[in-house]
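Please look at the structure below with one topic in mind, namely salt bridges and the parts of the chain that they join.

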Amino acid sequence: MSAASVELVEVVRSGFVECVHRGSVVALDPHGAVQLKAGEPDAPQLPRSANKPLQLVGMVRAGLELSPPDLAVAASSHSGETVHVGRVRDLLSHNGLPEGALACPPSLPLGEDAARAVLAAGGGPARAFMNCSGKHAAMLLTCVANGWPVSGYVDPDHPMQVALRASVEDLAGEPVAAVGVDGCGAPLFGLTLTGLARAFARLVTAEPGSPERRVADAMRAHPDLVGGTGRDVTRLMAGAPGVLAKDGAEGVYAAALPSGAAVAVKIADGAQRARMPVLVGALRLLGLEAAVLDQLAEVPVLGGARQVGTVRLRRAALG
């Protein structure tokens, strides 16, 4: 991220501005026109897990058939709660695949309570606990549906990954700028924030029953499976029905309204705490009104186990 990013968020502790977070954001109106632009939304970024809904559309286009709850898990960065892990393991077992076929690394659950529960029961890291295991299970099932090799499915040259890249490019309306390796080991397709927002708009405005709408509708119907207990992505979709949202590592977030208006955010230093204040500000600018936005607009700053400040959008940061 270059110096073209702008100061968007400030961290206030005991009345003192302790630090600021720079970043970029773009908001598109229902017709795809830019309504808000700050920083460098047309520079390539790595969307991290915000790519998952786009990748899942590619899998459905390639013949993957899953129930709406399983589609939600396949698009998730889940917290590793029992409901998430159970679905991943069922998807594998019902298709004769061992958990070891997942290429994502063994991990403890992302959710703190879920991780403590695993350790208290004498367990340890497992591939199904990893927050991307739903995506990886769906990738394996896509290979099975097409007769593609299961081994090496995370290779960028594997026929499934070639198909997913083509779908991502189609949805974003731009070529993939870079191909990296995500934290889970799967290919990661670089896009601009504008392309990412455009892709989310495509999902919510597609015809009912299409691969795009099936993914969007599944995520919106099952926000608990997309994130987990207390997660802001789950709270946002549950509290603002019709909104499609997906968080990503290193300060990324994308969301779309039913109208097709859409937002994409990238925080320059990767701070997760700074994403939601910017996202909320942009969603409000697009006209979204929901009580949950008041709950998510600021992130508490703690001192001595009590709130002594806040992480908030800088005044006039979005114009």
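This report turns to one helix and then to several salt bridges in a model that is predicted.

Helix H1, which runs over residues 52–61, is mostly covered, since nine of its ten residues are buried. Among these buried residues are Lys52, Leu54, Val57 and Met59. Just after H1, Gly63 takes a positive phi of about 110°.

Arg61 of helix H1 is partly exposed, with a relative accessible area of 34%, and its side chain meets that of Glu212 in a salt bridge. Because Arg61 lies in helix H1 and Glu212 in helix H8 (residues 211–221), the pair ties together parts that are 151 residues apart in sequence.

A search of the whole structure finds 21 salt bridges, and the table lists some of them.

| Salt bridge | N to O distance |
|---|---|
| Arg61 and Glu212 | 2.6 Å |
| Glu174 and Arg198 | 3.9 Å |
| Arg220 and Asp217 | 2.6 Å |

In the pair of Glu174 and Arg198, Glu174 lies in the loop between helix H6 (159–172) and strand E5 (179–181), while Arg198 lies in helix H7 (residues 193–205), so this salt bridge ties together parts that are 24 residues apart in sequence. Glu174 is buried, with a relative accessible area of 17%, whereas Arg198 counts as partly exposed at 31%.

Arg220 and Asp217 both belong to helix H8, where, being three residues apart, they are separated by about one helical turn. Arg220 counts as buried at 17% relative accessibility, whereas Asp217 is partly exposed at 30%. Elsewhere, salt bridges that share partners join Glu7, Glu10, Arg312 and Arg314 into one network.

Terms used. Residues numbered from 1 in each chain as written. Predicted model: local features only at pLDDT ≥ 70, side-chain atom pairs only at ≥ 80, totals over all residues. Heavy atoms only, no water. Buried < 20%, exposed > 50% of the residue type's maximum accessible area, 1.4 Å probe, protein only. Helix = DSSP H or I, 4+ residues; strand = E, 2+ residues; numbered from the N terminus. Salt bridge = Lys/Arg side-chain N within 4 Å of Asp/Glu carboxyl O.
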